[in-house]
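Trainee: Could you take me through one part of this protein slowly? I'd like a close look at how its domains sit together, and then at what's inside them.

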Amino acid sequence: MTSTNQQISPAPLPGRVRTLVVGAGFAGLGTAIKLDENGFTDFLVVDKGSSVGGTWRDNTYPGAACDVPSQLYSFSFAPNPGWSRSFSPQPEIRAYLERTAEQSGVLDRFRFGVTVEDLTWDETAGLWTVSTDHGTVVADIVITGSGGLSEPKLPEIAGIDTFQGEVFHSARWNHDYDLAGKRVAVIGTGASSIQIVPEVAKQVAHLDVYQRTAPWVMPRKDRPYKGIERLGFRFVPFFQKAFRTGIYWGRECFVPGFVVNPKLAAPAVKLSLKNIADGISDPELRKAVTPNFQLGCKRVLISNDYYPALAQDHVDLVTDGIAEITPTGIVTQDGTTREVDAIVVATGFYTTEQPIAQHITGRDGRTLADAWRDSGMTAYKGTTISGFPNLFQIVGPNTGLGHSSMVFMIESQIAYILSALQKMGERELVSVEPRPEAQDAWNEDLQQRMQRTVWNTGGCASWYIDSHGRNTTLWPRTTYKFRSLLSDFDLDAYVVAGRQEQTAKTKENAA
Ligand code: N01
């Protein structure tokens with residue numbers, strides 16, 4: 001996979017910047033473009049990868065594609081008239097992000113191949129000290145866009161380390177390993193797996209798909225755009241905007257089925273059951289893939305070729321739990337051993353414990369992981385956190401979606417952060433930090449709203465819910481509401497420090 005904006009060895013990092021952005025996916029790139037456009041040009045974006053793209057750079061597995069319609073899955077300020085299909089394949093999204101980055105003129109302030117090791121708030125100086133594997137940067141403001149689904153989670157299966165064949169995670173695909181003619185196992189049946197299985201099934205001699213929980217899979221209304229549509233997108237700007245707006249509001253109509261009454265999702269249940277019936281003729285297999293929880297409780301998946309792939313003679317769906325992995329195969333709890341050459345682990349990501357949280361140390365010397373230990377992930381408006389001044393998280397707690405585009409949420413958060421920077425500039429504020437009571441009230445309201453959602457009541461275990469039983473990942477209202485709540489930086493909800501307070505603090509600490 002080639003990239004147009006790769007830096008083999010990053011240029012030296014500046015020691016001091018106004019704003020440091022961590023991550024160069026949709027969040028980091030969008031932030032950089034908007035900072036620049038609004039005159040906040042003194043920023044640096046660091047990313048451990050070799051190009052922009054984030055999840056769309058890292059997830060290169062066969063069949064990787066977006067399950068949000070193409071027109072909605074792009075920045076509002078950088079429409080792409082060139083999408084080839086109604087649901088974009090990963091290479092097109094990656095290319096779109098690379099092109100947008102090139103055209104925006106901000107890449108001179110990006111450093112790739114730089115891993116952030118620690119971020120520490122210096123209360124005396126009112127600054128963040130950011131250590132990386134390429135040196136230290138001091139910043140007034142830190143914006144993290146490091147992704148809610150970026151750290152692969154490997155299953156804790158006995159013996160997995162002893163397997164002598166090839167093992168890799170869906171998000172770290174080994175393209176050097178040729179699957180052709182091999183015996184392969186895929187563990188997991190989530191959003192990634194259902195895209196991988198049909199593609200891998202085309203190449204291998206035999207495929208075992210290990211299913212712990214059958215997901216709901218609706219038909220995918222995917223099609224290539226017609227020539228006339230593509231002409232319209234390119235030459236009639238209003239056409240593409242209207243298309244996008246129509247899809248946006250269509251998607252917002254799904255919200256009540258998730259958060260008010262799951263019965264409203266009855267048509268989706270019908271379509272999903274028909275999808276099974278259309279793809280599989282064997283009654284036993286049909287039964288095995290029929291979900292036993294309410295639609296929406298886990299992410300609703302879309303595919304036209306997953307069920308037909310499972311129905312093929314050389315593909316087996318294995319529903320017995322995995323007992324252990326041996327050097328040559330997988331043993332299920334019924335004692336059966338299935339020998340394989342390779343195992344694809346499609347078991348998801350760390351979602352409710354952000355790995356970066358252990359590396360962020362706030363005002364009282366507490367890490368974000370410590371701050372969240374008892375409560376689970378909490379923030380104010382999904383973006384700022386009490387005890388962590390001048391830290392803004394994009395795709396922070398309770399900003400995830402099951403029905404629409406994360407790019408919309410990301411742009412809403414970017415607007416909020418820009419409003420914060422503007423107000424900080426106007427009032428000469430050195431730091432802002434949400435009041436604990438504002439953060440608590442925000443989260444109490446969220447959790448109250450969660451009570452009746454299908455995510456809490458639908459009878460499934462999902463990555464949306466943390467170890468305390470709280471849904472700390474999803475936004476339980478319309479995305480429109482999220483945008484309106486974040487349209488203006490609400491200083492009253494914040495403890496702020498101006499230059500005078502900061503100078504007094506510095507003197508006090510020096511004395
Ligand atoms: O991961 P998942 P994913 N033994 O966590 C199973 C986004 N995404 O990478 O359901 C056996 O959904 C687990 O079983 P269970 C999207 O937001 C977007 O597929 O927990 N099985 C499940 O079947 C998505 O939700 C796109 O019982 C084990 C699977 O592994 C998110 O990424 C495309 C196991 C994990 O499913 C994550 O999707 C792809 C074990 N020990 C992904 N542990 C778009 O198109 C876990 N499992 C935008």
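How far apart do the C-alpha centres of domain 1 and domain 2 lie?

Mentor: Happy to. Keep in mind that this is a predicted model. The C-alpha centres of domain 1 and domain 2 lie 32 Å apart. The domain assignment gives each of them two stretches of chain: 16–151 + 351–510 for domain 1, and 160–215 + 254–345 for domain 2. On the domain 1 side, 28 residues take part in the contact, and domain 2 brings 26 residues to it.

Now for the area. Together the two domains bury about 2,400 Å² between them, with 56% of it on carbon and sulfur atoms. If you want some residues to click on, try Tyr61, Pro62 and Val454: these supply 26% of the area that domain 1 buries against domain 2, more than any other three residues.

Let's go inside next. The largest nonpolar core has 61 residues, and Phe26, Leu97 and Phe110 are the ones that touch the most other members. Helix H12, residues 406–426, gives the most to this core, with 12 residues. There's also a second, separate core of 31 residues, and Val184, Ile194, Val217 and Tyr307 are among them.

Hold on to Ile194, as we meet it again in helix H4, where it is one of the buried residues. Others on that list include Gln195, Ile196, Val197 and Pro198. Helix H4 covers residues 191–203, and it isn't straight: there's a bend of about 30° at Val197, with a proline, Pro198, following within four residues.

Now slide along to the strands. Strand E13 (residues 322–325) pairs with strand E14 (residues 329–332) in the antiparallel sense, over three bridges. A hairpin of three residues joins E13 to E14. To see the pairing up close, find Ile325, which stands opposite Ile330 in E14.

One last stop is Thr319, in the loop between strand E12 (315–318) and E13. Is Thr319 buried or exposed? Neither, as it turns out: Thr319 counts as partly exposed because its relative accessible area is 45%, which falls between the 20% cut-off for buried and the 50% cut-off for exposed. Once you leave aside its neighbours within four places in sequence, Thr319 is in contact with Gln211 and Ala288. For a sense of distance, look at Asp278, which is 41 residues from Thr319 along the chain; the C-alpha atoms of the two are separated by 21 Å.

Technical notes: Residues are numbered from 1 along each chain as its sequence is written. This is a predicted model: local features need pLDDT of at least 70, side-chain atom pairs count only at pLDDT 80 or more; totals for chains, interfaces and linings use all residues. Side-chain values use heavy atoms; hydrogens and water are left out. Two strands pair if DSSP finds at least two bridges between them. Helices (H or I, at least four residues) and strands (E, at least two) are DSSP runs, numbered from the N terminus. The bend at a residue is the angle between axes fitted to the seven residues ending there and the seven starting there. Buried means under 20% relative accessible area, exposed over 50%, partly exposed in between (1.4 Å probe, protein chains only). A nonpolar core is a set of buried Ala, Val, Leu, Ile, Met, Phe, Trp, Tyr and Cys residues joined through side-chain atoms within 4.5 Å. Domain bounds come from an automatic or database domain assignment. Contact means heavy atoms within 4.5 Å. Buried area is the accessible area (1.4 Å probe) that two parts lose on being put together, summed over both.
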